[in-house]
Amino acid sequence: MSAVIDAFNAFARRVPTWVLYISYMFPVPWLLYQGQTGGLGAEPIKALEQELGLIALQLLVIGLAITPARRYLRINLLKFRRALGLLAFTYVCLHLLVWLVLDVGILSQIWADILKRPYITIGMAGFVCLIPLAATSNNFSIRKLGPKWRQLHKLTYIAVILGGVHFIWLVKGLQIEPLLYMAAILGLLILRLPKKRQARPIANAILANKAK
């Protein structure tokens, strides 16, 4: 098993990130084609909007899984984390654009929906969290912000939780799929928690003697 993981990591190191960008942007023209030819059902705009949002959430979840995969499975995909984040932001923007232009289309109605519909409010809050992350996903920002960069990018955790809640509230009734996504998000966040350092036996003995 170790040899398989090592071979996979070696293969992943040789794969350029542009392959990921091209692979994940391919669904966009395909979905547009499907919408034009009736492949997205009776409500193509709603279907397109939901498909783009679902891909965005999937990308956020995959990005969230990179650290646990490295920690517990020794699978190293860190080089793709920035690309996954930028792709997720791109799909969120496309999801939002379809809603703004093709679904609603009226500026006053847009603001009314954001303020009155909780699932839209939650979704917009998640989008706002992603803006500074996308803006600072470059080497210049990493050098400029220093340690603050890591603190800023913890907004990812808030954004992905909001995305999960948005999905749960978006669907009608209690459905399994959005609940599974939320369970995966919460599980991955738990796995990302820092491990508790085990106290050394000598330190424990010293503390025990002091307590006597």
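## Worked exercises on a helical model

The side chains of K46 and D103 form a salt bridge, with N and O 3.1 Å apart (a salt bridge being a Lys or Arg side-chain nitrogen within 4 Å of an Asp or Glu carboxyl oxygen). The model here is predicted, so local features need pLDDT of at least 70 and side-chain atom pairs count only at pLDDT 80 or more, while totals for chains, interfaces and linings use all residues. Residues are numbered from 1 along each chain as its sequence is written, and side-chain values use heavy atoms, leaving out hydrogens and water.

### Exercise 1: the salt bridges

Work out how many salt bridges the rule gives, and place each partner in the fold.

Step 1. The count comes to 3 salt bridges.

Step 2. Start with K46 and D103. K46 sits in helix α4 and D103 in helix α5, so this pair ties together parts 57 residues apart in sequence (helices are DSSP runs of H or I with at least four residues, strands are runs of E with at least two, and numbering goes from the N terminus). K46 is partly exposed at 31% relative accessible area, and D103 is partly exposed too, at 27% (buried is under 20%, exposed over 50%, partly exposed in between, using a 1.4 Å probe and protein chains only).

Step 3. Next up is D6 with R74, whose closest N and O atoms are 3.5 Å apart. D6 belongs to helix α1 and R74 to the loop between α4 and α5, so the bridge links distant parts of the chain, 68 residues apart. Relative accessible area is 38% for D6 and 39% for R74, so each counts as partly exposed.

Step 4. Finally, D113 pairs with R117, the closest N and O atoms being 3.6 Å apart. D113 is buried at 6% relative accessibility, whereas R117 is partly exposed at 38%.

### Exercise 2: around R74 and T67

Find what N9 and T67 touch, leaving aside neighbours within four places in sequence.

Step 1. N9 lies in helix α1, which covers residues 2-14. At 8% relative accessibility, N9 is buried.

Step 2. N9 is in contact with R74, I75 and N76 (contact means heavy atoms within 4.5 Å). R74 is also the salt-bridge partner of D6.

Step 3. Now for T67, a residue of helix α4. T67 is buried, with 19% relative accessible area, and touches R81 and R192.

### Exercise 3: the nonpolar core

Which elements build the largest nonpolar core, and which of them gives the most?

Step 1. The core holds 48 residues (buried Ala, Val, Leu, Ile, Met, Phe, Trp, Tyr and Cys joined through side-chain atoms within 4.5 Å). L59, Y91, W99, L130, V160 and I185 have the most contacts inside it.

Step 2. The elements giving two or more residues to this core are α3 (27-37), α4 (44-73), α5 (81-104), α6 (107-116), α7 (118-135), α10 (155-170) and α11 (176-191). Helix α4 gives the most, with 12 residues.

Step 3. Zoom in on Y91. Setting aside neighbours within four places in sequence, Y91 is in contact with Y24, M25, P27, V28, L52, I55, A56 and L59.

### Exercise 4: how α6 meets α7

Describe how the axes of α6 and α7 cross, then sort the residues of the contact.

Step 1. The two axes come within 5 Å and cross at roughly 95° (axes are lines fitted to C-alpha atoms, for helices over the stretch in contact, with angles from 0 to 180 degrees between N-to-C directions). That makes α6 roughly perpendicular to α7 (under 35 degrees is roughly parallel, over 145 roughly antiparallel, 65 to 115 roughly perpendicular, the rest oblique).

Step 2. From α6, D113, I114, L115 and K116 meet P118, I120, T121 and M124 of α7.

Step 3. Sorted by type, these residues give 5 nonpolar, 1 polar and 2 charged (Ala, Val, Leu, Ile, Met, Phe, Trp, Tyr, Cys and Pro are nonpolar, Asp, Glu, Lys and Arg charged, the others, including Gly, polar).

### Exercise 5: two exposed residues

Where do V4 and P147 sit, and how far is V4 from L115 in space?

Step 1. V4 is in helix α1 and is exposed at 55% relative accessibility. Between V4 and L115, 111 residues apart in sequence, the C-alpha distance is 51 Å.

Step 2. P147 is in helix α9, residues 147-152, and is exposed at 70% relative accessibility. The C-alpha atoms of P147 and V92 are 27 Å apart, with their positions 55 residues apart along the chain.
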